[in-house]
Amino acid sequence: MQPIISIKNLNKTYNSGFQALKNINLDINRGEIFALLGPNGAGKTTLISSICGIVNPSSGEILADGHNIVTDFRAAREKIGLVPQELTTEAFENVKTTVNFSRGLFGKPANPTYIEKILKQLSLWDKRNSKMMALSGGMKRRVMIAKALSHEPQILFLDEPTAGVDVELRRDMWDMVRGLRDNGATIILTTHYIEEAEEMADRVGVITNGEILLVENKTELMRKLGKRQLTLHLQNPVNSIPNELKHLPLELTNDGNELVYTFDAQSEHTGIADLLRQLNKHDIDFKDLNSTQNSLEDIFVNLVKEKS
């Protein structure tokens with residue numbers, strides 16, 4: 001299947017000489033939720049702005065559903081809806097008028113049935129006649145999404161979609177985004193909330209210093225790079241790890257009351273059985289144990305740290 005967004009050899013250097021994007025090559029599949037992760041200044045906003053035609057690339061090619069964003073701007077831009085991080089709306093307009101106006105900006109004829117559908121989908125129908133200034137921050141965020149969907153785009157960019165909203169509303173937003181994907185939209189989101197990507201994304205891209213570090217299926221990424229840790233809660237504290245065990249990935253924590261063993265869960269030999277035998281040999285008994293796996297946040301931090 002042809003990707004809905006295709007980026008080839010994309011570079012962006014500003015007049016100051018700063019190179020914000022360095023030879024970006026990226027395909028985004030139709031109908032997926034793609035999370036773009038990266039620290040502040042990594043190039044996320046420049047990349048999104050380039051795809052949306054807001055920033056002119058220095059070189060390279062961007063296709064949105066087969067349309068070149070530079071040479072066929074109008075056709076490409078019609079395929080894209082953008083929800084920026086900043087909440088910028090006309091305070092004295094009501095919700096329905098605001099969304100209809102955005103549709104008109106793309107030259108689309110009025111379609112009350114479609115506008116009603118997306119307002120209901122976003123739980124905004126009851127607020128359709130409310131002025132923007134009377135809405136909560138979470139409701140304004142929903143209106144921004146409705147505006148972005150008003151011209152029936154196939155691609156939706158969400159820049160920090162849950163910034164500044166509480167945990168409960170954040171989870172409501174996650175459900176809403178999944179619903180948009182289920183209705184055929186391709187979702188690309190940037191986020192500082194790693195759990196957001198871990199919860200929702202089909203694939204994850206990591207960008208830092210203007211370069212794509214990796215693009216991977218989320219489950220496969222965590223399988224490849226996620227480590228597991230076995231924590232043994234000791235019967236009696238120990239002062240140090242025995243010399244015969246110091247070659248193992250062991251760490252003594254909690255004032256000598258815990259031993260933490262890091263291992264690759266996908267490996268044929270995890271070494272756990274040998275570890276337990278060695279502990280028994282040294283009369284180190286444990287009263288409980290538990291196993292945890294690295295989160296996507298751990299993987300992301302380690303990747304960026306390795307690159308910097």
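The following legends describe close-up views of a predicted model of one protein chain.

**Figure 1. Overview of the predicted protein chain.** The protein chain contains ten helices and 14 strands. Of its 308 residues, 45% are buried. Among contacts with a separation of 6 or more, 69% join residues that lie 24 or more positions apart.

**Figure 2. The largest nonpolar core and a second, separate core.** The largest nonpolar core comprises 39 residues. Leu 119, Ile 145, Leu 156, Leu 158 and Ile 187 have the most contacts inside this core. Helix 5, spanning residues 137-149, supplies the largest share of the core, with six residues. A second core, separate from the largest one, holds 24 residues, including Ile 4, Ile 5, Leu 36 and Ile 51. In soluble globular proteins, nonpolar side chains tend to be buried together.

**Figure 3. Surroundings of Leu 158.** Leu 158 is one of the residues with the most contacts inside the largest nonpolar core. When residues up to four places away in sequence are not counted, Leu 158 touches Val 83, Ile 145, Val 177, Ile 187, Ile 188, Leu 189 and Thr 190. Two of these partners, Ile 145 and Ile 187, are likewise listed with the most contacts inside the core.

**Figure 4. Packing of helix 3 against helix 5.** Two packed helices are described by the angle between their axes and the distance between the axes. The axes of helix 3 (residues 95-105) and helix 5 come within 7 Å of one another, and they cross at roughly 30°. This crossing of helix 3 and helix 5 is right-handed. Helix 3 contributes Val 95, Thr 98, Val 99 and Ser 102 to the contact, while helix 5 contributes Val 143, Ala 146 and Lys 147. By class, the residues of the contact of helix 3 with helix 5 are four nonpolar, two polar and one charged.

**Figure 5. Environment of Arg 203 in strand 9.** Arg 203 belongs to strand 9, which covers residues 203-208. Arg 203 counts as buried because its relative accessibility is 16%, under the cut-off of 20%. Its side chain takes part in two kinds of polar approach, one to a backbone atom and one to another side chain. In the former, a polar atom of the Arg 203 side chain lies 2.7 Å from the backbone oxygen of Asp 27. In the latter, the side chains of Arg 203 and Glu 32 are joined by a polar contact of 2.7 Å. Leaving aside neighbours within four places in sequence, Arg 203 is in contact with residues that include Ile 28, Asn 29, Ile 33, Phe 34 and Ala 35. Val 215, Glu 216, Asn 217 and Lys 218 are also among the contacts of Arg 203.

**Figure 6. Glu 220 in helix 8 and its separation from Arg 203.** Glu 220 is placed in helix 8, residues 218-225. With a relative accessible area of 26%, Glu 220 is partly exposed. Glu 220 and Arg 203 are 17 residues apart along the chain, and their C-alpha atoms are separated by 9.1 Å.

**Figure 7. Ser 50 in helix 1.** Ser 50 lies in helix 1, which runs over residues 44-51. Ser 50 is buried, its relative accessible area being 0%. The Ser 50 side chain reaches the backbone oxygen of Thr 46 at 2.8 Å. Beyond neighbours within four places in sequence, Ser 50 is in contact with Leu 10, Leu 21, Val 55, Ile 62 and Ile 69.

**Figure 8. Arg 228 and Thr 270.** Arg 228 lies in strand 11, residues 228-234. Its relative accessible area of 24% makes Arg 228 partly exposed. Arg 228 and Thr 270 are 42 residues apart in sequence, and the distance between their C-alpha atoms is 9.9 Å.

**Figure 9. Asn 23 and Asn 254, residues with positive phi.** Asn 23, a residue other than glycine, has a positive phi near 50°. Asn 23 is located in strand 2, residues 19-28, and is partly exposed with a relative accessible area of 43%. Asn 254 is not a glycine either, yet has a positive phi of about 55°. Asn 254 occupies the loop between strand 12 (250-253) and strand 13 (258-263). With a relative accessible area of 45%, Asn 254 is partly exposed.

Notes. Residues are numbered from 1 along each chain as its sequence is written. This is a predicted model: local features need pLDDT of at least 70, side-chain atom pairs count only at pLDDT 80 or more; totals for chains, interfaces and linings use all residues. Side-chain values use heavy atoms; hydrogens and water are left out. Helices (H or I, at least four residues) and strands (E, at least two) are DSSP runs, numbered from the N terminus. Buried means under 20% relative accessible area, exposed over 50%, partly exposed in between (1.4 Å probe, protein chains only). A polar contact is a pair of N or O atoms within 3.5 Å; within protein, one must be able to donate a hydrogen and the other to accept it, and residues adjacent in sequence count only if both atoms are side-chain atoms. Contact means heavy atoms within 4.5 Å. A nonpolar core is a set of buried Ala, Val, Leu, Ile, Met, Phe, Trp, Tyr and Cys residues joined through side-chain atoms within 4.5 Å. Axes are lines fitted to C-alpha atoms, for helices over the stretch in contact, and angles run from 0 to 180 degrees between N-to-C directions. A crossing is left-handed if the near helix is turned anticlockwise from the far one by less than a right angle, and right-handed if clockwise. Ala, Val, Leu, Ile, Met, Phe, Trp, Tyr, Cys and Pro count as nonpolar, Asp, Glu, Lys and Arg as charged, and the others, Gly among them, as polar.
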